[in-house]
Amino acid sequence: MASNVNPTVRRRRLGMELRRLREQKGMTAEEVAERLLVSQSKISRLENGRRSISQRDVRDLCGVYEVTDHRIVDSLMQMAKDSRQQGWWHAFGDIPYSVYIGLETDAASLRVYEPQIVPGLLQTRSYAQAVITGALPEAPAAEIDKRVNVRTRRQDRINDAEKPLRLWAVIDEAALRRVVGSRELMVAQLEALIEQSHLPHVTVQVLPFEMGAHPGISGHYAILEFPDATDSSVVYIEGVTSDLYLEKPNDVQRYTVMYEHLRAQALGVEQSRRFIARIAKDHAESEPPPLPGFGRV
């Protein structure tokens, strides 16, 4: 196995295989946990790829499942070893959403709906810094810088000449009108967004206010798909203290249908570019709001 395997994706594949072996044996996660004297939550985390899997874990589980083919055991043990390698994001220290970064790094395509801000992969550095600073008002400067650096490093997937990420972004009008940092900064961000929308692997559509209620009204989500057919698609929903990853086919299908409706309701690609350009012009021509205490009485 190559040394540059993605540890997050490797854990997912290994977890899926361990779950298949358990189900083949006709055992529940509770029964396995009881046999190994561990918690059920540990078994669940191992199977969904959210927890690092040791070779000892694999050995013990294979024993419970009575796997006698040494080639299968050796293959799973190697996967466990590979899954404990570090991805590029580990060089930045503790990253709360490292699981997502691992998935995004290996994904072939990403469909995202963003109601509040420009999607992270399409943000300028100045815009990213303003967004992160506003979202984490009590974070020290070093933490802000780290997150900005991680965000810009993630954008390498967009600029990869050999294997670029296929990105489809539906962006609510509110995200374009929200003044993040300054109006000057917003003009630069929106101009960059238009430029990136011309990349052959990037599609940007705007969902204007006049469309009213729509399937994305409940908030941001992303759908990741992978080049390997054995890797199931994942719906990612970001939270404040924890994130949600949906992998069941029915859940993924439901969000996929929702996304198709969003794309249908959003402006076309050329219309979206003109719409973004008009909003950039609005930002450029708008006067700054009066300072507190100096407005009209």
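**Salt bridges, aromatic rings and helix crossings**

Colleagues, let me start with one residue: Arg 263 is buried, at a relative accessible area of 19%. Here, buried means under 20% relative accessible area, exposed means over 50%, and partly exposed lies in between, with a 1.4 Å probe and protein chains only. The model is predicted, so local features need pLDDT of at least 70 and side-chain atom pairs count only at pLDDT 80 or more, while totals for chains, interfaces and linings use all residues. Residues are numbered from 1 along each chain as its sequence is written, and side-chain values use heavy atoms, with hydrogens and water left out.

Let me stay with Arg 263. Which residue forms a salt bridge with Arg 263? The partner is Glu 260, and the closest N and O atoms of the two are 2.4 Å apart. (A salt bridge requires a side-chain nitrogen of Lys or Arg within 4 Å of a carboxyl oxygen of Asp or Glu.) Both residues belong to helix 12, residues 249-265, where three residues, about one turn of the helix, separate them. (Helices, H or I with at least four residues, and strands, E with at least two, are DSSP runs numbered from the N terminus.) Arg 263 is buried at 19%, whereas Glu 260 counts as partly exposed at 35% relative accessibility.

This pair also has a wider setting. A network of salt bridges links Arg 263 and Glu 260 with Arg 111 and Glu 225. In addition, the charged end of Arg 263 sits over the ring of Trp 168, at 4.1 Å from the ring centre. (The criterion is NZ of Lys or CZ of Arg within 6 Å of the ring centre and within 35 degrees of the ring normal.)

Turning to the structure as a whole, I count 16 salt bridges. One of them joins Glu 47 to Arg 22, with 2.6 Å between the closest N and O atoms. This pair links distant parts of the chain, since Glu 47 lies in helix 3 (residues 40-47) and Arg 22 in helix 1 (residues 7-25), 25 residues apart. Are these two residues buried or exposed? Glu 47 counts as buried at 8% relative accessibility, and Arg 22 counts as buried at 10%.

A further salt bridge brings together the side chains of Glu 270 and Arg 273, at 2.5 Å from N to O. Helix 13, residues 269-285, holds both, three residues apart and thus about one turn of the helix. Glu 270 counts as partly exposed at 45% relative accessibility, while Arg 273 is buried at 13%.

I now come to the aromatic rings. How many aromatic pairs does a search of the whole structure find? There are four. (Rings of Phe, Tyr and Trp, the last by its six-membered ring, pair if their centres lie within 6.5 Å; planes under 30 degrees apart count as stacked, over 60 as edge-to-face and the rest as tilted.) Among them, Tyr 221 and Tyr 255 pair edge-to-face, at 4.9 Å centre to centre and 70° between the planes. That pair links distant parts of the chain, from Tyr 221 in strand 4 (residues 221-225) to Tyr 255 in helix 12, 34 residues apart. Tyr 221 is buried, with a relative accessible area of 1%. Another pair, Tyr 236 with Tyr 245, is tilted, at 5.3 Å centre to centre and 45° between the planes. Tyr 236 counts as buried at 4% relative accessibility, as does Tyr 245 at 15%. Ring pairs join these two tyrosines with Tyr 100 in a cluster.

Finally, the helix crossings. The axes of helix 11 (residues 183-196) and helix 13 come within 8 Å and cross at roughly 165°. (Axes are lines fitted to C-alpha atoms, for helices over the stretch in contact, and angles run from 0 to 180 degrees between N-to-C directions.) The two helices are therefore roughly antiparallel to each other. (Angles under 35 degrees count as roughly parallel, over 145 as roughly antiparallel, 65 to 115 as roughly perpendicular and the rest as oblique.)

Helix 2 (residues 29-36) and helix 4 (residues 55-64) have axes that come within 11 Å and cross at roughly 110°. That makes helix 2 roughly perpendicular to helix 4. Helix 4 also contains Cys 62, which is buried at a relative accessible area of 3%. The C-alpha atom of Cys 62 is separated by 9.2 Å from that of Arg 22, 40 residues apart along the chain.
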